[in-house]
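Colleague: I would like a close look at a single part of this model, followed outward into whatever surrounds it. Please take your time over the answer and keep it connected.

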Amino acid sequence: MIKFFSKENIQLDFIIVGTQKGGTSALAHYLKQHKDIQMSRKKELHFFDNEEYFKGDRPNYKPLNNHFGKRKLVGKIYGEATPIYMYWDKAISRIHTHNPEIKLIAVLRNPVERAYSHWNMEVQKNKEQRDFTTCITDEISQIENGSKVKHRTFSYVDRGLYADQIEQIFSFFPKQQVLFIKYEDFLDRQKEALVSVFNFLNISSEDYIFEKKTLNKIEYSSSIQKTEKLFLTEFYRSDVERVEKLLNWDCESWKN
């Protein structure tokens with residue numbers, strides 16, 4: 001028999017905060033299958049990056065509550081996945097205000113590959129008509145001259161500058177409350193990566209039945225050009241080196 005308890009506002013126990021095109025859909029799907037996890041009714045709630053919900057003195061948590069139901073299930077941990085949170089200004093601070101004890105999960109992908117996948121997605125959605133070279137050169141020019149403004153769609157390069165995003169997370173949350181996963185490791189060893197997530201969330205993996213799932217895979221019409229890859233790899237090099245130090249990772253494959 002399922003037990004409930006009433007609560008004015010749902011308090012989330014964990015959030016997948018990033019990164020876009022980093023396998024978050026697959027991870028959210030796997031977590032949703034666990035008997036001890038209650039994921040939101042849909043992926044990407046875009047609650048903590050929505051200015052409308054944070055006007056005035058107190059946040060309006062009603063839209064968040066509506067994605068989980070009126071009553072919280074006893075024995076379940078509650079979570080959602082919105083990969084823009086890691087990137088978007090104020091989202092992390094708002095999450096901290098919501099629950100300082102919350103756990104955050106972020107999957108980080110090679111920023112060059114992430115940028116190209118992001119661009120392909122927007123092209124297929126008919127939101128982008130420019131070629132990839134034009135997009136990245138224009139954006140890098142804005143970043144370097146200080147005129148770049150965070151954008152929900154046209155942020156192919158900027159989203160891959162992970163170091164500042166990681167530092168912002170660590171300025172609000174202790175490292176033991178944050179799990180960073182390398183996308184390439186998750187892709188190659190999904191079951192093992194999932195067990196590490198369950199351990200991080202303090203739930204058992206013993207009865208979990210793993211069935212590999214591929215979600216939101218984009219078929220590219222062409223491969224990234226060698227000149228584009230070299231250009232972006234050099235642009236990201238110093239940031240990747242900062243990521244290596246922050247997370248104690250070996251990201252040599254991201255620098256070649």
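With which residue does Lys255 form a salt bridge, and how far apart are the closest N and O atoms? From there, please go on to the other charged pairs, and then to the sheet and the nonpolar core.

Modeller: The model is a predicted one, which should be kept in mind throughout. Lys255 forms its salt bridge with Glu252, and the closest N and O atoms of the two are 3.5 Å apart. The two partners do not fall in one accessibility class, because Lys255 has a relative accessibility of 10% and counts as buried, whereas Glu252, at 40%, counts as partly exposed. In general terms, side chains of opposite charge can pair when their charged atoms come close.

This pair belongs to a wider set, as the structure holds 16 salt bridges. Another of them joins Glu128 to Arg130, with 2.9 Å between the closest N and O atoms. Here the acidic partner is the buried one, since Glu128 has a relative accessible area of 5%, while Arg130 is partly exposed at 32%. In the salt bridge between Asp185 and Arg189, where N and O lie 3.3 Å apart, both partners are partly exposed, Asp185 at 33% relative accessibility and Arg189 at 41%. Beyond such pairs, a network of salt bridges links Asp164, Glu167, Asp239 and Arg242.

Disulfides, by contrast, number zero in this structure. Two of the cysteines can nevertheless be placed by their accessibility: Cys135 is buried, with a relative accessible area of 2%, and Cys251 is buried as well, at 0%.

Turning to the sheet, five strands form an open arrangement in the order β3-β5-β2-β6-β7, and their pairing is parallel. The edges are held by β3, which spans residues 37-39, and by β7; each has a single partner strand, so one side of each is left without a neighbour in the sheet. Neighbouring strands are turned against each other by 25° on average, direction ignored.

The pairing can be followed from one edge towards the other. Strand β3 is joined by three bridges to β5, residues 77-81, and the two run parallel; within β5, Ile77 is the residue that stands opposite Ile37. Further along the sheet, β2 and β6 pair in the parallel sense over four bridges, and Lys103 in β6 is the bridge partner of Phe14. On its other flank in the strand order, β6 pairs with β7, again in the parallel sense, this time over five bridges, with Leu179 in β7 serving as the bridge partner of Ile105.

Strand β6 deserves a closer look, as six of its six residues are buried. Both of its faces are covered, with Lys103, Ile105 and Val107 buried on one side and Leu104, Ala106 and Leu108 buried on the other. Helices can be found against this part of the sheet: α1, residues 24-32, lies across β2, β3, β5 and β6 and runs at about 165° to β2. Helix α6 also packs on the sheet, where it touches β2, β6 and β7, and its direction makes about 160° with that of β7.

That leads to the nonpolar core. The largest one has 52 residues, and those that touch the most other members are Phe48, Tyr85, Ile95, Leu104, Leu108 and Phe180. Two or more residues each come from β2 (14-18), α3 (91-98), β6 (103-108), α4 (111-124), α5 (132-145), α6 (162-172), β7 (178-182) and α9 (226-247). Among these contributors, α9 gives the most, with six residues.

Ile95 shows how such a member is surrounded. Leaving aside its neighbours within four places in sequence, Ile95 is in contact with Ile15, Val17, Phe48, Tyr85, Ile102, Leu104 and Phe173. Three of the residues in that list, Phe48, Tyr85 and Leu104, are also named with Ile95 as touching the most other members of the core. Apart from this core lies another, of 25 residues, which includes Tyr30, Met39, Phe186 and Leu201.

To return to the starting point, then, the Lys255 and Glu252 pair, at 3.5 Å, joins a buried lysine to a partly exposed glutamate.

Definitions and conventions:
Residues are numbered from 1 along each chain as its sequence is written. This is a predicted model: local features need pLDDT of at least 70, side-chain atom pairs count only at pLDDT 80 or more; totals for chains, interfaces and linings use all residues. Side-chain values use heavy atoms; hydrogens and water are left out. A salt bridge is a side-chain nitrogen of Lys or Arg within 4 Å of a carboxyl oxygen of Asp or Glu. Buried means under 20% relative accessible area, exposed over 50%, partly exposed in between (1.4 Å probe, protein chains only). A disulfide is a pair of cysteine sulfur atoms within 2.5 Å. A nonpolar core is a set of buried Ala, Val, Leu, Ile, Met, Phe, Trp, Tyr and Cys residues joined through side-chain atoms within 4.5 Å. Contact means heavy atoms within 4.5 Å. Two strands pair if DSSP finds at least two bridges between them. Axes are lines fitted to C-alpha atoms, for helices over the stretch in contact, and angles run from 0 to 180 degrees between N-to-C directions.
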